[in-house]
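Hello,

Here is the structure I am handing over to you. Please have it open as you read my notes below.

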Amino acid sequence: LLCAVASSALVLQEGWTDPTRNRFKLILHVVIIITSVVPPELPMELSLAVTTSIADLVSRCKVYCTEPWRIPLAGKVTVCCFDKTGTLTSDEMVLRGVRLSHGVGDGNMIQCADGTSTGSNEDLILPRNEKDTINEGDTNEPFSGEANIRIETLRVMVSCHGLATRPSPKTRGMTQEIIGDPLEKAVLAGCGWQLMRGDVVSPPLPPYGVSAIGGQKSQNRPNPIKIVHRYAFSSKLRRMSVLAIEVVNGAGTQPSSDVWLLTKGAPETIRGLLKDDSIPKNYDDVARYHMRLGQRVLALAYRKTGVPPSLISQLKEKERSQMERDLLFAGFLVLDCPLKPDSRRVIKELRATGHHVKMITGDAVLTATEVAKQVGIIGRARKERKGNSSVIMYEVRAVDHFTTGENESGEDDVSPSSSEFAFVPLYEDQGGTMGTIAFVSSNFPVVREMVTNNEMAVSVTGEVLTKLAIIAVQSEKRIAMPGQNTYIDPKTVLLHPAAQKVLQKIVPLVSVFARHAPRQKEAVIAALNGNGSVTLMCGDGTNDVGALKMAH
């Protein structure tokens, strides 16, 4: 090819100065000289290579490629991003139990058998089958089959979900099967309740012969519950709620005269919706303990609406924010999400070949960080481990420092100062190891070097990234249009050029992106692309679609 180019240049130079030569034919001959060294079979060979790659992906890996033009880009990938739930971990959740509180007022605490403020997994209470309670002494409590779980907690566990039923294709429609979130299916199955048609959940049937022995147990059996309205889960709100009522069961028990609001969601979100006297003193400690173990933690809450079922239409007309308030804490729901068998091997191979691996998930920071450690996204390779192999975990957090000044009109103006963000140790017991690192540009090279040497790892939430983006856009608009207040849409601010310029400096430092909504995931991939990286995104949910499209 080089010889052809040199020959073409010589022919063009000599022929261009000859006035007797036809310049059109001269250029045509130069093109012919260059293209003659390119095999005519090359386009066909490239197509054949892509076709062979597609066939190998299907036969060896069971992977179906819908966009073949992306295959040649695979060899250029430098950054690999993964979702957590259903991608690195299995979508088969395992119910570990619930953590319940006791006491009222200042004495309201989540039970901890070891006397600490966090307790342990030994304090988790699992639902029990009815057969385990047949021979226990008679009590006045409802015979729920969950002897260790309050009926208020049980009601939220079995009713606050988005599950549905459909005819099972395995039995050709003779039976019904449940479809929906694997987490909610695991909780319902763990409680032993059944989802019926019409959004009715029914308690487990008493064992054979129980109703014939005096009938007391079957009379105290809880009523089925009907879901009459759903406030769907929102990645922005990080919670879901339902309105539910009790219905008449086979024993003729009267239905409840109230409509219940049942809520579940992220612990930090639900905390702001609870009554002050309903929040246990060790609420945060217990939630962080289980998250640090890599477990999925959901807070459960409820309240009586005080409205009879006949007036349910009035409740449906109210704003969601009016309904989800003054809630009572019902406990923490804890689940395990085991890793997929090949997750560690895949991450190890990617890191060994020089790829940068990151996690982008909607889960909590502590949960995501622990899973990242388990699969090998965070940590040193074995050949790099010398002496102390621990990696110090940091999180980019917002700190409440503000500077007060005067705006153009002379009015007081409160704006974030440059020290509003910092690299803070993720775990309290590491606070004295290296301390907080100021979030300033001069420290970025130091942090980058420490991350490269696997001395530290950084995590960040989507909320913090959004705050950084808003500040960047505000600063640009104040310079371009001083004295004018312009509206900044939080939904699109992350893709603003000014925001992307800031994110492009931050995202290479971060290993775990936690509590990220779909738009925030997309913005992270866009920032990586803006740095010149060739990105790969692997995710299995609808909240990953934006990031999947943005990746190469």
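Let me start inside. Helix α5 gives the most to the lining of the largest cavity, with 3 residues. A cavity here is a set of points on a 1 Å grid over the protein atoms alone where a 1.4 Å probe fits but cannot get out, and lining residues have an atom within 4 Å of a point. Helices (H or I, at least four residues) and strands (E, at least two) are DSSP runs, numbered from the N terminus.

Before going on: this is a predicted model, in which local features need pLDDT of at least 70, side-chain atom pairs count only at pLDDT 80 or more, and totals for chains, interfaces and linings use all residues. Residues are numbered from 1 along each chain as its sequence is written, and side-chain values use heavy atoms, with hydrogens and water left out.

How many cavities of 30 Å³ or more turn up in a search of the whole structure? The search finds 1. The largest cavity holds about 60 Å³ of space. Its lining consists of Val156, Met157, Cys160, His161, Leu163, Glu184, Val187, Leu188, Lys264, Leu300 and Leu333. Two elements, α4 and α5, give two or more residues each. By class, 8 lining residues are nonpolar, 1 is polar and 2 are charged. (Ala, Val, Leu, Ile, Met, Phe, Trp, Tyr, Cys and Pro count as nonpolar, Asp, Glu, Lys and Arg as charged, the others as polar.)

Next, the pockets. A pocket is an open set of points with protein on both sides within 12 Å along at least five of seven lines. The largest pocket contains about 1600 Å³ of space. It has 48 lining residues, and Phe233, Ser235, Gly362, His516 and Asn543 lie nearest its centre. At least two residues each come from α5 (182–191), β11 (260–265), β12 (296–304), α14 (462–480) and α16 (518–530). The largest share is that of α16, with 4 residues. The classes are 15 nonpolar, 16 polar and 17 charged.

The second largest pocket has about 1400 Å³ of space. Its lining counts 34 residues, with Leu57, Val63, Leu536, Met537 and Cys538 closest to the centre. Helices α3 (42–61), α11 (343–352) and α17 (545–550) and strand β22 (535–538) supply two or more residues each. The split is 19 nonpolar, 8 polar and 7 charged.

Now the sheet. Eight strands form an open, antiparallel sheet, in the order β2-β13-β12-β11-β10-β9-β8-β7. Strands β2 (94–99) and β7 (194–196) stand at the edges with a single partner each, so one side of each has no neighbour in the sheet. The average twist from one strand to the next is 30°. Strand β12 pairs with β13 (328–336) over 7 bridges, antiparallel; pairing takes at least two DSSP bridges. Val297 stands opposite Val334 in β13.

Helices lie on this sheet too. Helix α4 (151–159) crosses several strands, among them β2, β9 (225–234) and β10 (239–246), at about 115° to β12. Helix α8 (283–292) touches β2, β12 and β13 and makes about 10° with the direction of β13. Angles run from 0 to 180 degrees between N-to-C directions.

Last, a helix pair. Helix α15 (497–506) packs with α16 at about 75°, their axes 8 Å apart. The two helices are therefore roughly perpendicular (65 to 115 degrees). Gln500, Leu503 and Gln504 of α15 meet Ala523, Ala526, Ala527 and Gly530 of α16; contact means heavy atoms within 4.5 Å. That contact has 4 nonpolar, 3 polar and no charged residues.

Best wishes

Technical notes:
Points joined across faces, edges and corners; volume = space filled by probe spheres on them. Parallel < 35°, antiparallel > 145°, perpendicular 65-115°, else oblique.
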